[in-house]
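Okay, thanks for having me, everyone. Let me put the model up and we can walk through it together.

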Amino acid sequence: MTTDIATEVFEEHRSVLMGVAYRMLGRVADAEDVVQEAWLRWSGVDRSEIREPRGYLVRVTTRLAIDRLRQVKSRNEAYVGPWLPEPYATDFGNLGNPGSPGNFEGTVEDTAERAVLVDSVSLAVLVVLESLSPLERAVFVLREAFGFPYAEIAAVLDRGEPAVRQLAGRARKHVGERRPRYEVDPAERRDLTERFLAAASEGDLEGLMSLLAPDVRLIGDSGGLSKAPLRVIETADKVGRFLLGVARKNVTDLSFRLLELNGGAAMLILSGDEPDSVFQLDVVDGRIQCVYIVRNPEKLVSLGNQ
């Protein structure tokens with residue numbers, strides 16, 4: 001296999017490798033590092049002995065991601081305030097920019113396949129995945145998001161198939177108990193996001209309260225590098241008043257952009273040309289159940305060109 005063909009084969013599978021690595025790690029830079037390391041392994045291996053390039057590349061990427069995840073987990077123990085996955089631009093619902101670098105799954109036409117991909121990359125599910133062991137997370141991602149057969153996952157992890165099935169069962173049960181049990185129409189989520197932005201920016205407390213579920217939660221992620229709540233805020237009254245307090249601050253040169261992040265509508269707030277924060281909403285029965293705010297500047301770098 002020539003160098004040009006090897007590069008072509010790798011690029012053919014890059015979107016899947018990035019999808020696996022991001023779901024495993026929840027950080028764009030970490031995922032990109034893993035994919036780059038997978039390329040180095042691929043470029044240096046004797047490819048004449050590899051019958052299934054996709055299987056080989058997924059195996060290498062997954063194992064590298066497991067190693068990186070173990071390092072990241074110890075790093076996150078010292079994280080200041082709540083931790084949220086890094087927002088990542090997607091294009092499952094054609095809300096963002098078609099063909100953008102964020103479309104790491106490639107073109108997804110099938111509605112059922114798109115629904116699975118959107119669910120597995122949502123902030124809510126990625127938060128739940130943080131509580132899994134690295135092996136459980138790998139099995140869940142490969143099986144639930146990408147539909148790999150158990151035999152292939154066993155080969156990827158160098159484990160017996162019965163052990164992989166057991167890991168999958170534990171991971172599925174854990175995620176099922178904690179993941180949001182609802183489906184939201186993308187148009188409804190976008191509509192609520194726009195109404196939320198309008199009410200908050202206009203200082204309309206009554207309008208904002210009408211959108212919030214009584215037990216709504218607000219989770220802010222700053223990593224101690226910018227201003228954001230260091231604890232989860234709960235109840236509609238407290239969340240609504242906090243949001244209006246933020247909106248009333250006289251900050252100049254702010255602009256807003258609606259785009260698709262992690263498979264759903266989100267608001268990117270810019271200060272000048274630089275990303276300042278991201279707001280994304282979980283919606284249940286037409287009301288906002290959770291507000292995610294990411295203000296850690298290290299997690300906004302990849303959105304600078306959106």
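I'll go through the sheet, then the helices that lie across it, then two other helices.

Quick housekeeping. This is a predicted model, so local features need pLDDT of at least 70 and side-chain atom pairs count only at pLDDT 80 or more, while totals for chains, interfaces and linings use all residues. Residues are numbered from 1 along each chain as its sequence is written, and side-chain values use heavy atoms, with hydrogens and water left out.

Right, the sheet. Helices (H or I, at least four residues) and strands (E, at least two) are DSSP runs numbered from the N terminus, and two strands pair if DSSP finds at least two bridges between them. What we have is an open sheet of 6 strands with mixed pairing, in the order 2-1-6-5-4-3. Which strands stand at the edges? Strand 2 (233-234) and strand 3 (254-261), each with a single partner strand, so each has one side left without a neighbour in the sheet.

For the parallel part, look at strand 1 (residues 212-221) and strand 6 (residues 287-294), joined by 6 bridges. There, leucine 212 sits opposite isoleucine 288 of strand 6.

Now the antiparallel part. Strands 3 and 4 pair that way over 8 bridges, and they make a hairpin with 2 residues between them, where asparagine 262 in the turn has a positive phi of about 50°. Strand 4 to strand 5 is antiparallel too, with 6 bridges; methionine 267 has phenylalanine 279 in strand 5 as its bridge partner. That hairpin also has 2 residues between the strands, and glycine 272 takes a positive phi near 70°. As for strand 4, 7 of its 8 residues are buried, buried being under 20% relative accessible area, exposed over 50% and partly exposed in between, with a 1.4 Å probe and protein chains only.

Stay on glutamate 260 for a second. Its bridge partner in strand 4 is alanine 265, and its side chain makes a polar contact with the side chain of threonine 90, at 2.7 Å. A polar contact here is a pair of N or O atoms within 3.5 Å; within protein, one must be able to donate a hydrogen and the other to accept it, and residues adjacent in sequence count only if both atoms are side-chain atoms. Threonine 90 is in the loop between helix 3 (53-76) and helix 4 (111-121), and it's buried, at 3% relative accessible area.

What lies across the sheet? Helix 9 (residues 186-201) lies across strand 3, strand 4 (264-271), strand 5 (274-284) and strand 6, at about 125° to strand 5. Helix 11 (residues 236-248) lies across strands 1, 2, 5 and 6, at about 50° to strand 1. Axes are lines fitted to C-alpha atoms, for helices over the stretch in contact (heavy atoms within 4.5 Å), and angles run from 0 to 180 degrees between N-to-C directions.

Over to helix 8 (residues 161-178). Val164, Leu167, Ala168, Ala171, His174 and Val175 are buried. Down the axis, the buried residues fall within an arc of 135°, so they line one face; the arc is that of the directions from the helix axis to the C-beta atoms. On the other side, Pro162, Gln166 and Lys173 are exposed. The cover over the buried residues includes helix 5 (123-129), helix 6 (134-145) and helix 7 (150-157).

Last one: helix 6 is mostly covered, with 10 of its 12 residues buried, among them Phe140 and Leu142. After helix 6 comes glycine 147, with a positive phi near 70°.
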